[in-house]
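Q: Got a minute to go through this model with me? I'd like to start at the ligand and then move to the sheets.

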Amino acid sequence: LRFAVLAGGTGSAKLLRGLKAVAGEFTVISNVGDNFWRHGLFVAPDLDTAVYTLAGLEDSLRGWGLRGDTFNALGQLARMGEETWFNLGDRDLATHIFRTEQLARGRRLAEITSMICERLGVKQRVIPCTDDRLETYVTTSTGPMHLQEFWVKNRGEPDVIGVEYRGEDGAKPVRAAVEALEVADRIVFCPANPVTSILPILAVNGIRQAIGRSRGRKVAVSPMVGRGPVSGPAGKMMRAIGVEANSLAVSRLYGRLVDCMIVDPADSQDAKVIEREGIEAVESPILMRNLGDEARLAREVMTA
Ligand code: FO1
């Protein structure tokens, strides 16, 4: 069976680890909305989180970066008076240096990502949804700011009024991503922040259409348990775009694009409404505390 998996950051990485354990081969289509330039380097956190996780190099406690990394270069940048709120590890920097150099040579992000996958021994394909600029900006009471500035520099504290995907009109999909979606027997929506991880992927012209055209079964895992997200700013972001922060609201955001939603047993009330609205709801624990949980949910996603 051919799986295509839409993925964002930390929450997605856990399911990717489970899928790697039980499915083996699949194609990840990654969000790029949180990519940004930092210290002269092009950083692509969700791509790197997927690649590091599939390479077995991830720091699974933090949910980003490389296990055992050190931060000496950043410390020296601080000493030189630079703002160092975004923690780029010494070894992680190698990825950003490599990617930035390849971009300067004229290679595209998708090509560079597959080079990184190959060099780190990743068997799965990891494809950015677009090679073009597409950045998630958060409108706060003090003005718009890039997602990383909101989440990391300002610790997710400012009130959020809205969210926009800058560049979405001009962003073309990566061909290999469209092809993977078209031929997939199953398309999986990871348990990710819908507003900052999944909707930016769907905002790329051609990606949403490819999912709509696909004859594969489309299964989404809710990132919500009870009245809020498992982690991160999803609740705040969902309220900012005018919806509630629960599994039902997530299913409505995905709408007809998905056939089936996996929701936590704590959300069985939501599950009933989701079913009534025409999407199958499967109740299964979505919290992933260890590899056992990750593999069990991955199996659920493959069979639901
Ligand atoms: N998240 C943080 O909360 N603080 C950091 O300092 C930080 C550094 C970082 C470095 C590389 C990387 O790939 C990711 C990093 N993240 C950090 C995670 C990132 O900000 C977001 O969680 C993802 O972009 C969300 O998808």
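A: Sure, we'll take the ligand site, then the sheets and the helices on them.

A: One thing up front: this is a predicted model.

Q: Okay. How many residues surround the ligand, and which are the closest?

A: The ligand is surrounded by 13 residues. The closest are Asp-34, Asp-46, Phe-86, Asn-87 and Gln-148.

Q: How far is a polar side-chain atom of Asp-34 from the ligand's oxygen atom?

A: The distance is 2.4 Å.

Q: And Gln-148?

A: An N or O atom in the Gln-148 side chain sits 2.6 Å from an oxygen atom of the ligand. Trp-64 pairs with a nitrogen atom of the ligand instead, with a side-chain N or O atom 3.3 Å away.

Q: How much of the ligand does the protein bury?

A: The protein buries 86% of the 530 Å² that the ligand exposes when taken alone.

Q: Which elements give two or more residues to that shell?

A: Helix H2 (45–55) and helix H6 (147–153) do. H6 gives the largest share, three residues.

Q: What's the chemistry of the shell residues: how many nonpolar, polar, charged?

A: Seven are nonpolar, three are polar and three are charged.

Q: Switching to the sheets. What's the strand order in the seven-strand one?

A: The order is S5-S2-S1-S9-S10-S13-S14, in an open sheet with parallel pairing. S5 (125–128) and S14 (280–283) each have a single partner strand, so one side of each has no neighbour in the sheet. From one strand to the next, the twist averages 20°.

Q: How many bridges join S13 to S14?

A: Four bridges join them, and the strands run parallel. Val-263 stands opposite Glu-283 in S14.

Q: Which strands does helix H1 lie across?

A: H1 (residues 10–22) lies across S1, S2, S9 and S10. Its direction is at about 160° to S1. Helix H8 (194–202) also packs on the sheet, touching S1, S2 and S9. H8 makes about 125° with S1.

Q: Now the three-strand sheet. Which strands stand at the edges, and why is one side of each left without a neighbour?

A: The edges are S7 (143–146) and S8 (160–166); each has a single partner strand, so one side is left without a neighbour in the sheet. The order is S7-S6-S8, with antiparallel pairing. Neighbouring strands are turned by 25° on average, direction ignored.

Q: How many bridges between S6 and S8?

A: Six, in the antiparallel sense. Thr-139 stands opposite Gly-162 in S8.

Q: Where does H8 come in here?

A: H8 lies across S6 and S8, at about 30° to S8.

Technical notes: Residues numbered from 1 in each chain as written. Predicted model: local features only at pLDDT ≥ 70, side-chain atom pairs only at ≥ 80, totals over all residues. Heavy atoms only, no water. Near = heavy atom within 4 Å. Polar contact = N/O pair within 3.5 Å; in protein donor to acceptor, adjacent residues only side chain to side chain. Areas by Shrake-Rupley, 256 points an atom, 1.4 Å probe, with all protein chains shown as cover. Nonpolar A, V, L, I, M, F, W, Y, C, P; charged D, E, K, R; others polar. Pairing = 2+ DSSP bridges. Axes fitted to C-alpha atoms, helices over the stretch in contact; angles between N-to-C directions. Contact = heavy atoms within 4.5 Å.
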